[in-house]
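Work through the exercises below with the sequence and the model at hand. Each task is followed by a solution in steps.

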Amino acid sequence: MGSGATVFRTLRPRGKHEPDNYANLYDLVTHREKRSVQDILHRTHVAAFYLYCLKKTNYFTMDVDCDTNRRLTDDELFIGSLLLHHLLLLQFNAFEVSELRQLGNEQETVFIGGSIYPTLALLNHSCDPCVVRYHRGTTVVVHNIRELHAGEAITENYGPMFMLHPKEDRLQTLKNRYWFECNCIACCQDWPTLEQMKTNTSLRIRCSHCKNSITVTTESMEFIVHCMVCSKTTKLLPVLKVLQETENKYSVAKRLMDKHNYEKALAEFMALLSLLHKHMVPPFRDYHLCQQAIRQCMLTFGNKL
Ligand SMILES: [Zn+2]
Ligand SMILES: [Zn+2]
């Protein structure tokens, strides 16, 4: 490992991120220090096997001697150490590559392999991610699925989404697979799943002044609500009007999606999402259903089977 680290120290970009610099890939997290001896030994065996395959297929052009008992050359040691290093970092940084299979109105995501994108690997996980990712050819496309503001972290999803999986399951999955405790907003605020939101009796209205949330119960008869943060008032009537129109707007967009008119459907869903975002603070069932639909539309722009 030492030889690789020494060589790539000189390649490391200073300051600005350089997407094509190999050092960005080499420097991705491996959690080597937290691994058990058995884990490292197992991956070392795999690396040794790959190195053997490279030797057998004449990767090392100078190598005419296939005697397995001789000492490894410096080149072989260097490549072997890189193979091991990559095997260690794959666990925490590899992305699933998938394609979409359209079966009538149903869509199915089909897993076809794994890949490493050093820049994308820098994005942190959130159980409520702000981007969706799909593949076009060998290029990965990352697109936001909600409003993003300057300085806000761009978050990805490593598997469990808050809408579908309860908090305990998500935390366990992330801990087992990626060795971290999730402290995303959905976990910290213990957001309900989509199913649990069906029985929600409160709404989180967005304060029209400071944009913080004001919780009101669905039985509330007030037409003006007070913000605890800025002490100003927000009118409830425009919010209720938007909520009344949501179902209709969602149906229009859904019909377009069902007719496979994904570009138009996406525009409708995006407009609805913006409207909901203006008046409501997540988690909010209609908002997340709309996000799900946006995700579905965008996936159709990627590779298809
Ligand atoms: Zn989380
Ligand atoms: Zn306020």
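The exercises go from domains to cores, then to a hairpin and to backbone exceptions.

The model is predicted: local features need pLDDT of at least 70, side-chain atom pairs count only at pLDDT 80 or more, and totals for chains, interfaces and linings use all residues. Residues are numbered from 1 along each chain as its sequence is written, and chains are lettered from A and ligands numbered from 1 in the order in which they are written.

**Exercise 1.** State how the protein chain is divided into domains.

Solution. Step one: take the bounds, which come from an automatic or database domain assignment. They give domain 1 (22–94), domain 2 (123–191) and domain 3 (194–304). Step two: compare C-alpha centres; those of domain 1 and domain 2 are 31 Å apart.

**Exercise 2.** Identify the residues of the largest nonpolar core that touch the most other members, and trace where the core comes from.

Solution. Step one: apply the criteria. A nonpolar core is a set of buried Ala, Val, Leu, Ile, Met, Phe, Trp, Tyr and Cys residues joined through C-beta atoms within 7 Å. Buried means 20 or more other C-beta atoms within 10 Å of a residue's own, exposed means 12 or fewer, and partly exposed lies in between, with C-beta atoms placed from the backbone. Step two: the largest core has 25 residues, and Phe269, Leu273, Leu276, Cys290, Ala293, Ile294 and Cys297 touch the most other members. Step three: at least two residues each are supplied by strand E3 (131–136), strand E5 (202–206), helix H8 (237–258), helix H9 (262–279) and helix H10 (285–299). Helices (H or I, at least four residues) and strands (E, at least two) are DSSP runs, numbered from the N terminus. Step four: domain 2 (123–191) and domain 3 (194–304) each contribute at least three residues to this core. Step five: another core, of 9 residues, lies apart from it and includes Tyr158, Met163, Cys182 and Trp191.

**Exercise 3.** Describe the pairing of strand E1 and strand E2, and decide whether E2 lies in the open.

Solution. Step one: E1 (residues 94–103) and E2 (residues 106–116) are antiparallel, with 10 bridges; strands pair if DSSP finds at least two bridges between them. Step two: locate bridge partners in E2, which are Glu106 for Leu103 and Val110 for Glu99. Step three: the hairpin has 2 residues between the strands, and Gly104 takes a positive phi near 65°. Step four: of the 11 residues of E2 the number buried is 0, so E2 lies largely in the open. Step five: on E1, Glu96 counts as partly exposed, with 14 C-beta neighbours inside 10 Å.

**Exercise 4.** Find backbone exceptions in the loops, given that most residues other than glycine have a negative phi and most peptide bonds are trans.

Solution. Step one: Asn58, not a glycine, has a positive phi of about 60°. Asn58 sits in the loop between helix H3 (37–56) and helix H4 (74–93), and is exposed, with 11 other C-beta atoms within 10 Å. Step two: Trp179, also not a glycine, has a positive phi of about 65°. The loop holding Trp179 runs between H5 and helix H6 (185–188); Trp179 is partly exposed, with 13 other C-beta atoms within 10 Å. Step three: Pro282 and Pro283 are joined by a cis peptide bond, with omega about 5°. Pro283 is placed in the loop between H9 and H10.
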